[in-house]
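Visitor: Could you walk me through this one? I have not looked at it before.

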Amino acid sequence: MRIGCLGVATLLLSLLAGCSTYVNVTSDPEGALITDQSGAVVYGYAPVSVPFDQDILKANAIPGRCPEVPGFMAKWPSGATAVTATPLPVCDLSNGLTVLLKRPANAPGLDQDLTWALKRAQERARVAEAERDQMRLYMDNPWGSYWMRPWPGRALVVVPY
């Protein structure tokens, strides 16, 4: 009986969870601050993946047209900005959308933005290398990837009186 209740609860949670569509926003050069077009909602530094609930997108879509998401704005450290069209149509909800925001060529401060992009790329490479080393440590473990560390030896248990 208990297993049946757990199965029903799991099924209900999976139905209520819904799915997300991701819009991947990148910038050239990388590292621009990505916001909505008003600047009120900050999504992070490019590249960034922004999730949108599929059920909400479908409910708000005009019949016969693709669901739409609000536009994005990229702002580099020099102050240069670029914006997308608003709204952006997302016709493939299972694969989402990739948006590239390019820095305006005539905006001043290109050196500052390229230096920032280099620092961001180096940091991402450092994090990726650390994750790779950690995965190698887990995979080289004789207990396999399930246990993550060897079985502990006998422990001395001290009981206070």
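**A first walk through the chain**

Guide: Let us begin with one pair of residues: Asn24 stands opposite Ser49 in strand 4. Please keep in mind that this is a predicted model, in which local features need pLDDT of at least 70 and side-chain atom pairs count only at pLDDT 80 or more, while totals for chains, interfaces and linings use all residues. Residues are numbered from 1 along each chain as its sequence is written, and side-chain values use heavy atoms, with hydrogens and water left out.

Visitor: OK, and how many helices and strands are there in the chain?

Guide: The chain has 4 helices and 9 strands, where helices (H or I, at least four residues) and strands (E, at least two) are DSSP runs numbered from the N terminus. Read from the N terminus on, the elements follow the order α-β-β-β-β-α-β-β-β-β-β-α-α.

Visitor: Back to that pair, how many bridges join strand 1 to strand 4?

Guide: Strand 1 (residues 20-28) is joined to strand 4 by 6 bridges, and the two run antiparallel; two strands count as paired if DSSP finds at least two bridges between them. They belong to an open sheet of 3 strands in the order 4-1-9, with mixed pairing. The edge strands there are strand 4 (48-53) and strand 9, each of which pairs on one side only.

Visitor: What's the order of the strands in the 4-strand sheet?

Guide: That open sheet runs 3-2-6-7, and its pairing is antiparallel. At its edges are strand 3 (42-45) and strand 7 (81-83), each pairing on one side only. The twist averages 20° from one strand to the next, with axes taken as lines fitted to C-alpha atoms (for helices over the stretch in contact) and angles running from 0 to 180 degrees between N-to-C directions.

Visitor: And which strands form a hairpin?

Guide: Strand 2 and strand 3 do, with 5 residues between them, and Gly39 in the turn has a positive phi of about 85°. These two strands pair in the antiparallel sense over 3 bridges, and Leu33 has Tyr45 in strand 3 as its bridge partner. Strand 2 (residues 33-36) also pairs with strand 6, again in the antiparallel sense, over 4 bridges, and here Asp36 stands opposite Phe72.

Visitor: Phe72, then: what does the side chain of Thr84 reach there?

Guide: The side chain of Thr84 reaches the backbone nitrogen of Phe72 at 2.8 Å. Thr84 lies in the loop between strand 7 and strand 8, and with a relative accessible area of 12% it is buried, which means under 20%, whereas exposed means over 50% and partly exposed in between (1.4 Å probe, protein chains only).

Visitor: Which residues touch the most other members of the largest nonpolar core?

Guide: Among its 21 residues, those are Val23, Val25, Ile34, Phe52, Val69, Phe72 and Leu101; such a core is a set of buried Ala, Val, Leu, Ile, Met, Phe, Trp, Tyr and Cys residues joined through side-chain atoms within 4.5 Å. Strand 1, strand 4, strand 6 (72-75) and strand 9 are the elements that give two or more residues to this core, and strand 4 gives the most, with 3 residues.

Visitor: Changing topic, which cysteines form a disulfide?

Guide: Cys66 and Cys91 do, with their sulfur atoms 1.8 Å apart, and a disulfide here is a pair of cysteine sulfur atoms within 2.5 Å. The pair links distant parts of the chain, 25 residues apart, with Cys66 in the loop between helix 2 (54-60) and strand 5 (68-69) and Cys91 in the loop between strand 8 (88-89) and strand 9 (97-102). The torsion about the S-S bond is about 100°, so the disulfide is right-handed.

Visitor: Is Cys91 buried or exposed?

Guide: Cys91 is exposed, because its relative accessible area is 57%, whereas Cys66, at 25%, counts as partly exposed.

Visitor: Last one: where is Asp113, and what is it in contact with?

Guide: Asp113 is placed in helix 3 (residues 110-139), and its relative accessible area of 0% makes it buried. Leaving aside neighbours within four places in sequence, Asp113 is in contact (heavy atoms within 4.5 Å) with Pro29, Trp76, Pro77, Ser78, Ala80 and Arg103.

Conventions. Polar contact = N/O pair within 3.5 Å; in protein donor to acceptor, adjacent residues only side chain to side chain.
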